[in-house]
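Trainee: I would like to work through this model with you, one element at a time. Please show me the sequence and the structure before we begin.

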Amino acid sequence: MLGGYGTVTEQRFVMKCGGSTLAALPNSFFDELRELQLSGVLPVIVHGGGPAISETLGKLGIETGFVNGLRVTNDAVLDIVEMVLAGRINKEIVRKIQINGAKALGLSGVDGKLIQAQPVANAAEIGFVGDVTDVNAEIIEGVMGMGYIPVIAPIGIDDQGQRYNINADTAAGAVASHLGVERMIVVTDVPGILKTIDGQKQVLPVVSVAEIEEMITSGEIYGGMIPKVRAAIQCIQGRVREVVIVSGEEPGVLTRAVREGGVGTRIVQIHEGRV
């Protein structure tokens, strides 16, 4: 039920997190994941890893650039993207979850054609970057049914076996939509979207997509927060009606976001007439 918390015996949620953010989270965050899993709440994690990819490309002397926030991806870059995301980052996250007592299984979108993709419209300019055409939700359901947390690296594949670099936020929104999840949680290093009210910065409890664009235009949302909120907006697609931005370092944040609400900032498609 949209906007309802704790209303379903078996709840599920999709969590999107940057690879570097997730690796830096305290053990208490992963303890929470375990407790949620044990209580019948089923998490699915979709992760990124942009900084680690850039670092590895730099070490290897492979040049790359960005077009509208998406990495230009030729064959050489694609090999590194897959190596870092599906190899290093994915397994770091799985290890950290398991060290803290939960069960996790790492997957790439290539496995079982989990994330099916096609070239983006400007592929001639940007290379092997993909849009998601389908998600094999049965694989994710099966992994959850065995008692594991799926940890998904956003690499896509088409029927000819061509791999694609998929934006992690786009992939997370597609996974959530195909699983029928209406609320997504985006874990960052900020407590939510801040607005100066009476001279003090306060976390906005709820904001619409249109209001975010207004705040970017007015300069209230600026700097590194712009890509964070734009990424969250990308997650609102298909059945996904709202995205909650939270800080992973806040104690009890996952449980509150999943069961209670009242934490972080809820981004909704249209203004609800209340805050």
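Trainee: At about what angle to S14 does helix H8 run?

Mentor: This is a predicted model, in which local features need pLDDT of at least 70, side-chain atom pairs count only at pLDDT 80 or more, and totals for chains, interfaces and linings use all residues. Residues are numbered from 1 along each chain as its sequence is written, and side-chain values use heavy atoms, with hydrogens and water left out. Helix H8 (residues 209-218) lies across S14 and strand S16 (265-268), where helices (H or I, at least four residues) and strands (E, at least two) are DSSP runs numbered from the N terminus. With angles taken from 0 to 180 degrees between N-to-C directions of axes fitted to C-alpha atoms, for helices over the stretch in contact, H8 runs to S14 at about 85°.

Trainee: Which strands stand at the edges of the sheet?

Mentor: The open, mixed sheet has 8 strands in the order S5-S8-S2-S1-S11-S15-S16-S14, two strands being paired if DSSP finds at least two bridges between them. Each edge strand has a single partner, so one of its sides is left without a neighbour in the sheet. The edge strands are S5 (104-108) and S14 (206-208).

Trainee: Which residue in S11 stands opposite Val-14?

Mentor: Strand S1 (residues 12-17) and strand S11 (residues 183-188) run parallel and are joined by 4 bridges. Opposite Val-14 in S11 stands Met-184.

Trainee: Over which residues does pLDDT stay under 50?

Mentor: The protein averages a pLDDT of 88, and 95% of the residues score at least 70, pLDDT being the predictor's confidence in each residue, from 0 to 100. The stretch where pLDDT stays under 50 is residues 1-9.

Notes:
Contact means heavy atoms within 4.5 Å.
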